[in-house]
2 protein chains.
Amino acid sequence: MSAMVGRKRGFDRDEVLDQVTRAFWRDGFQATSVADLTGTTGVNPPSLYAAFGDKRALFAEAVARYQATYGAFTARALEEEPTARQAVERILTEAAIEYTTPDRPKGCLILSSPELHDLRDQARQAFEAKIRHDVATGALPAGTDVRRLALFVAATVRGMSSLARDGATREELRDVARTALSAWPAPVA
Amino acid sequence: MSAMVGRKRGFDRDEVLDQVTRAFWRDGFQATSVADLTGTTGVNPPSLYAAFGDKRALFAEAVARYQATYGAFTARALEEEPTARQAVERILTEAAIEYTTPDRPKGCLILSSPELHDLRDQARQAFEAKIRHDVATGALPAGTDVRRLALFVAATVRGMSSLARDGATREELRDVARTALSAWPAPVA
DNA sequence: TCCAATCTGTAACGACCACTACACAACGGC
DNA sequence: GCCGTTGTGTAGTGGTCGTTACAGATTGGA
C-alpha cells in the first residue's frame, strides 16, 4: 500500500472532471481556457494541474470520461444488437435523444472536436466491422458496399450532432434519423 | 469623386482577402491569429486593419467572399434547377466535388464555423422553400413533411463536410450523396 | 515645390493565455 | 508534539493575443 500521507484533496475529482468535460463539450478545447475551468469548478490552477496534468492531459481524460458515459451508447448498441441494421437504428434513435438532453451540451463532443479525428475514424471502423459481419452471415446482400454504408451512417450521425448544436429539437433529429434509415438496404428476407 | 490622394496600397486587396478566406476556412476563426494572417499574406497589421477593420470584420468579409465564390454552388443549384429533387441532387453531387477540391481547404467554411449559425439557418430555409414549392406544384406528394426533408438534406451536407475535413475522398462523398438521395421520396409520376 | 492625405514598418500596448514558484495549511505516522 | 508529505491560495512567470501610436514613405493636388 502507498503511504497515504499528506493533506487530503479538497474537491471531488470525479465531479470536477465531469464539470470540465461539459465545459470542453460545450465550447471545445481551444475556446475553453484554464481560467474558465478554474472558474466553473472552483479549483485553483495548482490543484487542477496536480490532479490532472496540463490542459491537454485534462482534455484527454475528459474525452475518455465522455466516451465511458455520455457517449457510450454507440459502443453499447454495436455490442448488444445482433445485426448492423438494428445497431444503426438504435444508434440513430438514441443519438437524437442524447444529443438533445436538457441541462447538457448539445451534440457530440467527439464529433465536434477537430482534434479527435482518430476517435471518429475508430467509430467508422466499428460501423464497418458490424456491417461486414452482417454481409458475412447473410443478413445483408453479398454485394453490399460496406465502406459506403458505414460512411453514410457516419455522415448521418455527424449531421445530427451539427444540427443539435445549432438548436435542432429532439423530434427533428428523430425525423432525420428515420429518413436516413429509409436509405438502408432491404434485408435478405 | 473622392480625393484619391495619398500613398497607394501596396497589396492586392482581393488577393489578400482570398488568402485570409482560405486561412479562416482551414483553421477557423478562433484558431487563426492575426499574426498568422500577417504571416501568410505578408501584410503588416496596420495595413490589414486599415483595409478591413478588426478581426471580426475581416472574418465577416471573408465569409461573404466565400459565399460569393467557393460556396455559391448551393444557391446556384436552388435557383437554376426546376425541382427540389434536382436541386438537392446537384447540391450533393457538387458538394462532393467542392469539399474535396485539391489545393483548397476541405469541407465547407460555413458548416465548420460554430459562429455562423445564422447562415446555416438561412440555407435550411432555402431548402425548405424549394421543397415547399414542389409540394405546391405537385412535384412532391401533398403530405410531404417539408421541414423534415429539408433537415435531412441539411444533415447530409453537414455530414459530408465533416467527413471531408477528416480526409474523406471525393468518391466516398459521392457515395454518401447517392445513398442519401435514395431516401428521397418518389416523385409524383 | 510644398502640402495634405494615405499607406507602411517598427515597436509597442494592455489583456489574456497556459502554467508554476513559493509559502502555508492539513494530514498520517511516530 | 513533531516530521515528512501532500494539497491549497496567492501571486506571479514568459508568451501570445488583438490592436494601435508613431514616424517615415509615397502619392495627387495646388
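**Contacts with DNA strand D and the domain interface of chain A**

In the predicted model, a polar atom in the side chain of Arg7(A) is placed 3.1 Å from a base nitrogen of DNA strand D. Contacts to the phosphates of this strand involve chain B. The side chain of Tyr49(B) has an N or O atom 2.7 Å from a phosphate oxygen of DNA strand D, and the side chain of Ser33(B) has an N or O atom 3.5 Å from a phosphate oxygen of the strand. Among the atoms of DNA strand D that lie within 4 Å of the protein, 72% are part of sugar or phosphate, and the rest are part of bases.

The protein surface near DNA strand D was then examined by residue. A total of 24 residues surround the strand, and those that come nearest are Gly10(A) and Ser47(A) from chain A, with Val34(B), Tyr49(B) and Lys55(B) from chain B. By class, this surface consists of 10 nonpolar, seven polar and seven charged residues. Three helices each supply at least two of its residues: α3 (45-52) of chain A, and α2 (34-41) and α3 (45-52) of chain B. The largest share, three residues, is that of α3(B).

Attention now turns to the organisation of chain A. This chain is divided into domain 1, spanning residues 13-68, and domain 2, spanning residues 73-181. Taken over C-alpha atoms, the centres of the two domains of chain A are 27 Å apart. At their interface, 11 residues of domain 1 are in contact with 13 residues of domain 2.

The size of an interface is often expressed as the accessible area that is lost when the parts come together. Between domain 1 and domain 2 of chain A, the buried area is about 1,100 Å², and carbon and sulfur atoms give 66% of this area. On the side of domain 1, the residues that lose the most area to domain 2 are Arg22(A), Trp25(A) and Tyr66(A), which together account for 52% of what that side buries.

Polar interactions across this interface were also counted. Five residue pairs are in polar contact between domain 1 and domain 2 of chain A, whereas zero salt bridges are found across the interface. The elements of chain A that give two or more residues to the domain 1 side touching domain 2 are α1 (13-27) and α4 (55-68). Of these, α4(A) provides the largest share of that side, with five residues. The side of domain 1 that touches domain 2 of chain A comprises six nonpolar, two polar and three charged residues.

Notes. Residues are numbered from 1 along each chain as its sequence is written. Chains are lettered from A and ligands numbered from 1 in the order in which they are written. This is a predicted model: local features need pLDDT of at least 70, side-chain atom pairs count only at pLDDT 80 or more; totals for chains, interfaces and linings use all residues. Side-chain values use heavy atoms; hydrogens and water are left out. A residue is near a molecule or strand if one of its heavy atoms lies within 4 Å of it. A polar contact is a pair of N or O atoms within 3.5 Å; within protein, one must be able to donate a hydrogen and the other to accept it, and residues adjacent in sequence count only if both atoms are side-chain atoms. Helices (H or I, at least four residues) and strands (E, at least two) are DSSP runs, numbered from the N terminus. Ala, Val, Leu, Ile, Met, Phe, Trp, Tyr, Cys and Pro count as nonpolar, Asp, Glu, Lys and Arg as charged, and the others, Gly among them, as polar. Domain bounds come from an automatic or database domain assignment. Contact means heavy atoms within 4.5 Å. Buried area is the accessible area (1.4 Å probe) that two parts lose on being put together, summed over both. A salt bridge is a side-chain nitrogen of Lys or Arg within 4 Å of a carboxyl oxygen of Asp or Glu.
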